[in-house]
Each structure stands twice: as structure tokens, then as C-alpha cells.
Amino acid sequence: MHADLAGLRQHLTASKQDHLLQFWDTLNEEQRHELGQALKNLDLEHVQRMYHQTNDRSAQNAVQEAIDKLMQPVPENSYGGVNRNTPEELAQFEQTGLEAISRDEVAVILLAGGQGTRLGVKYPKGMYDVGLPSHKTLYQIQAERIVRLQDLSEHACGRRGTIKWYIMTSEHTRHTTQDFFAAHNYFGLRADSVVLFEQEMLPCFDFEGRIILESPGKIAAAPGGNGGLYRALLEGNVLDDLLARNIKYVHVFGVDNILVKVADPVFVGYCINRDVECGNKVVEKSSPDEPVGVVCLVNNVWQVVEYSEITPETARKTFPNGHLMFNAGNIANHFFTVDFLKRVCTELEPNLKYHIAKKKISYVDSQGNLVAPTKPNGIKMEKFVFDVFQFARRFAVWEVIRKDEFAPLKNADTAAEDTPTTARRSIYDLHRRYIEKAGGSFVDAKDHLVNGERVEIVCEISPRVSYAGEGLKDLVEGKHFESPVVLNSVHELQPFSTTKI
């Protein structure tokens with residue numbers, strides 16, 4: 001090991017990364033072995049080259065200016081949506097999607113590599129309980145939506161399809177996630193229909209380009225963004241599995257949207273009917289300044305342009321009817337054909353560029369003490385899942401209503417938005433509207449104040465009862481409800497119940 005150590009030290013010194021061995025003499029044999037292996041497996045030249053290319057501020061500024069001048073809005077012939085298509089067309093899209101599900105042609109890929117750090121927890125975000133009466137986690141809610149959708153495919157098509165669920169984790173979340181699903185019997189899904197795989201981890205850098213040590217014997221590393229999906233599909237043999245199972249279409253989305261319509265048959269059916277290889281679900285921007293990326297064309301190539309890359313002048317551009325020109329807010333909700341994924345994974349992935357994310361990264365100081373910074377002190381390099389839109393030959397956009405389908409959970413309740421409280425209220429509001437649309441009514445139709453405190457209307461419908469408001473008429477029509485209201489399925493631990501009917 002001494003000869004290897006000398007060579008490794010020389011290599012690190014030449015690359016100005018010799019600080020990675022500064023605590024070597026204080027490590028035990030196991031720690032030395034782990035650090036030595038990590039350093040040997042690290043393609044130092046590659047990650048440093050990526051760091052310098054990604055961190056080139058002048059190049060970023062030039063790209064920003066070019067993008068702003070070349071942006072084009074989504075053409076009308078590529079734009080569909082729940083308020084853009086007729087009810088008859090929506091029904092046709094849904095039937096197409098359910099038929100594909102019944103033939104086992106649809107799979108789900110969940111992007112779940114991150115931990116719940118911003119939520120203030122040390123476990124995967126999918127295991128988070130936002131405080132619904134059922135105390136269901138994000139994972140359970142999504143799993144039960146899959147179960148219900150499989151039931152609906154049988155009702156609509158006479159054959160119950162199986163939706164394979166692939167969950168992309170990281171080395172931080174995989175084993176915890178696996179144990180969680182096993183402990184809960186996969187929430188009603190077959191164990192062999194839930195597949196976990198890991199995305200690549202990349203070293204974190206400080207602002208001077210030095211790789212950060214998170215402990216004396218360990219390099220600070222982080223998932224390489226949700227765009228690490230494509231390499232992970234290839235290296236984790238998931239692409240091979242998709243092809244072997246003759247799956248044709250996948251729905252890809254992030255774990256943190258509590259309102260997500262998993263394997264949404266309307267969205268899937270729309271994309272199938274349009275014969276596109278890539279589709280993106282969007283919401284209308286709430287304002288020109290909303291900090292969300294927008295789907296558009298850049299020099300006739302499909303792209304998501306981040307809000308930070310758009311000048312205020314461009315963000316405020318409108319059509320003659322007053323609608324924002326760049327209004328298609330990206331919500332990390334995508335459709336891909338498996339053939340397109342195969343082309344991306346096997347041919348095009350190396351062309352994707354890394355992006356910079358400035359983060360607070362814990363590190364050890366020169367004395368070996370752990371430091372938790374209070375402001376960003378380093379850089380994580382990320383690829384974005386939507387970076388592959390540029391390769392799509394046929395692309396379409398599907399617009400949905402924000403309050404029906406988008407309520408991200410990102411922050412603890414100390415923040416102003418995207419919190420457990422806002423996520424929970426979004427569920428209550430959606431489910432209340434489902435009941436009202438089906439003919440039920442509420443004694444208190446809106447949240448109200450009692451002694452100066454907000455009293456929210458609590459209304460939760462199990463996904464096992466209804467996927468998107470269907471099947472409720474016989475249960476609620478003509479009935480008057482008082483909060484709290486909980487509708488459970490006979491398949492759950494508690495029997496079907498309505499509280500205070």
C-alpha cells in the first residue's frame with residue numbers, strides 16, 4: 001500500500017487535491033481502505049474538467065444571452081391540456097392510456113434520490129408523513145394510486161394491467177427505501193413490480209475547485225441531479241428490463257409532488273395519440289416572475305429554460321390577447337417512449353452538460369472538526385432530466401390545472417411555501433372538490449377562523465377509493481358532510497368510512 005499511497009499522493013498533488021489525504025495518518029485501517037478505494041475509483045481528470053466547464057461564468061453569461069434572444073413560445077399545434085381539449089377528446093385520451101396500461105405497456109419511473117434535508121428529516125423524502133388523517137407517506141399515496149389505476153384498467157378494458165414501478169434512489173436512500181417498502185408489504189403492490197436502482201454520486205467542490213471532505217476519511221458526494229437517470233437506467237440494467245418486458249411508455253416524475261397523477265392515463269394517452277417520443281406536463285405560470293423553468297423552443301430545439309436564465313423583459317412578453325408568451329411552467333413530470341430512452345441512454349447521454357448548484361455542504365476543517373455552514377460554501381454538479389428534450393424528434397406539451405395536480409413538498413413548515421401544511425391543504429381542497437363535483441356538500445365549504453385561528457376543512461379520500469374523483473357519486477351524492485371527512489377502502493386496515501355524514 002505504501003507504493004500505491006505514494007503514487008496516489010503524487011497524483012493528487014499534481015491535481016491540487018492533496019488535501020484529501022491530510023488526515024491519512026489519523027485513520028484506522030478500515031477508513032484508509034475505504035478512502036483509498038474511493039480515490040482510486042475517482043476519475044479525477046473527468047470530474048475536474050466537468051467542474052471547470054460548468055463553472056465558467058463567462059460561458060454561462062454568453063449562453064444566457066443567446067438563449068434569451070432565441071427563445072420561442074410553444075406552438076399551438078404542440079400544446080394540449082385539460083382546458084385546451086374537449087371533454088370528448090379527454091375521454092378518448094384516457095381510454096387510450098388505460099388500454100396501454102391493460103397491455104402492461106406503461107411503467108413509472110420515480111425520481112427519489114434526494115434526502116429530506118430541507119424538510120428537516122434524515123430519511124428519504126418519500127417516507128415523509130405530511131399529517132393527513134391517514135398518516136400516509138408520499139410513497140404510500142403514490143403506490144395506492146398505482147393500485148387503483150390497475151383496477152381502473154380492468155374495469156375499462158377487461159384486463160387488469162400491471163404498472164411496473166422503478167424508483168431511482170441514491171446510496172443515501174436505497175437501503176432505507178427498500179426496507180420501508182418491505183416493512184409495509186409494498187402498499188398493496190406485488191414485490192416484483194417495485195424495482196429500486198441507484199443514480200451516480202459525484203464529488204462536491206468548494207468555490208476554489210477543491211473536492212470537499214465530509215469527514216477525515218470520506219469525500220463529500222451528492223447525487224448528480226435527476227438527469228443522472230439516463231446513466232443509471234443503463235448501468236442499473238433498468239433499460240434492459242424495460243425492453244425485456246416490452247414496456248413501451250414511461251411516466252417520469254419527482255417524488256415530492258403530493259398531487260401527482262401517477263401514470264396519468266390522460267397524459268399518457270395524449271402522448272400516444274400524438275405519436276410523440278417525449279412529452280412534458282406543465283402548469284400556467286402564476287406570474288411573470290415566478291421562479292420556475294419554462295418549456296419553449298430555443299432556436300427550434302425543445303428546452304426547459306430556467307427562470308434565472310430569462311431576463312425580466314422576456315419573462316413579461318405577452319401575446320396580443322394578454323397571455324404570457326412564455327407561460328408553460330415546468331413541474332418535473334414527463335412522458336418518454338422506451339425507444340427514445342434507449343437512444344438517449346446508449347447514444348446521447350454523454351452530450352448532456354452539467355449545471356451548477358450552490359449548496360451548504362458540511363465539511364471538516366484543517367483540525368478535523370465537522371463544520372455545518374450557514375450559507376452556501378460549495379458546488380454540486382447536476383444534470384437535469386429535461387435536458388434530453390433537445391434530442392426529441394416529436395414532442396408535445398400537456399397543460400394541467402395547478403391546484404389539481406401540483407403541490408410540491410420541499411421545505412419545513414418554517415418556510416412560506418411548498419411545506420407539509422401547504423401540501424396537506426392542497427389534498428384537502430382537491431378531495432373536497434371531488435366530493436362536491438360528485439353531488440356531496442359541506443356544512444362549512446371553506447376554511448374559517450375560530451378565535452383568530454384558522455380551522456381547515458379536513459377531507460381525505462383514499463387513492464384506493466378514487467384515483468381522480470371517479471366512482472364517488474353513489475357514495476356521496478345528496479349527502480351533507482362536516483369536517484373531518486375520511487373515505488377509506490375496504491382493502492385498508494380501517495373499513496370504508498365517512499366521518500360525520
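Let's start with a pair of strands: S12 (residues 278-284) runs antiparallel to S15, and 6 bridges join the two. Bear in mind throughout that this is a predicted model. To find your way along this pairing, look for Val283, whose bridge partner in S15 is Gly329.

S15 itself spans residues 328-337, and it is mostly covered, with 9 of its 10 residues buried. S12 isn't the end of the story for S15, as strand S11 (residues 249-254) also pairs with S15, again in the antiparallel sense, over 5 bridges. A handy marker here is Tyr249, which has Thr337 of S15 as its bridge partner.

Now move over to another set of strands. Here 3 strands make an open sheet, ordered S7-S19-S16, with antiparallel pairing. The edges are taken by strand S7 (205-206) and strand S16 (355-359), each of which pairs on one side only. Between S16 and strand S19 (residues 378-382) there are 5 bridges, in the antiparallel sense. Along that pairing, Ala357 stands opposite Lys380 in S19. This sheet also has a helix packed on it: H3 (residues 44-54) touches S7, S16 and S19, and the direction of H3 makes about 100° with that of S19.

Next, a helix against a helix. In general, two packed helices are described by the angle between their axes and the distance between the axes. For helix H5 (residues 87-102) and helix H6 (residues 138-157), the axes come within 9 Å and cross at roughly 105°. That angle falls in the 65 to 115 degree range, and H5 and H6 are therefore roughly perpendicular to each other. So who does the touching? On the H5 side the contact is made by Gln95, Leu98, Glu99, Ile101 and Ser102, and on the H6 side by Leu149, Leu152, Ser153, Ala156 and Cys157. Sorted by class, the contact of H5 with H6 has 6 nonpolar, 3 polar and 1 charged residues.

Finally, zoom in on a single residue, Glu456, which sits in the loop between strand S23 (453-455) and strand S24 (459-461). Is Glu456 buried or exposed? Its relative accessibility is 18%, and the cut-off for buried is under 20%, so Glu456 counts as buried. As for a partner, the side chain of Glu456 is joined to the side chain of Arg425 by a polar contact of 3.0 Å.

Conventions. Residues are numbered from 1 along each chain as its sequence is written. This is a predicted model: local features need pLDDT of at least 70, side-chain atom pairs count only at pLDDT 80 or more; totals for chains, interfaces and linings use all residues. Side-chain values use heavy atoms; hydrogens and water are left out. Buried means under 20% relative accessible area, exposed over 50%, partly exposed in between (1.4 Å probe, protein chains only). Helices (H or I, at least four residues) and strands (E, at least two) are DSSP runs, numbered from the N terminus. Two strands pair if DSSP finds at least two bridges between them. A polar contact is a pair of N or O atoms within 3.5 Å; within protein, one must be able to donate a hydrogen and the other to accept it, and residues adjacent in sequence count only if both atoms are side-chain atoms. Axes are lines fitted to C-alpha atoms, for helices over the stretch in contact, and angles run from 0 to 180 degrees between N-to-C directions. Angles under 35 degrees count as roughly parallel, over 145 as roughly antiparallel, 65 to 115 as roughly perpendicular and the rest as oblique. Contact means heavy atoms within 4.5 Å. Ala, Val, Leu, Ile, Met, Phe, Trp, Tyr, Cys and Pro count as nonpolar, Asp, Glu, Lys and Arg as charged, and the others, Gly among them, as polar.
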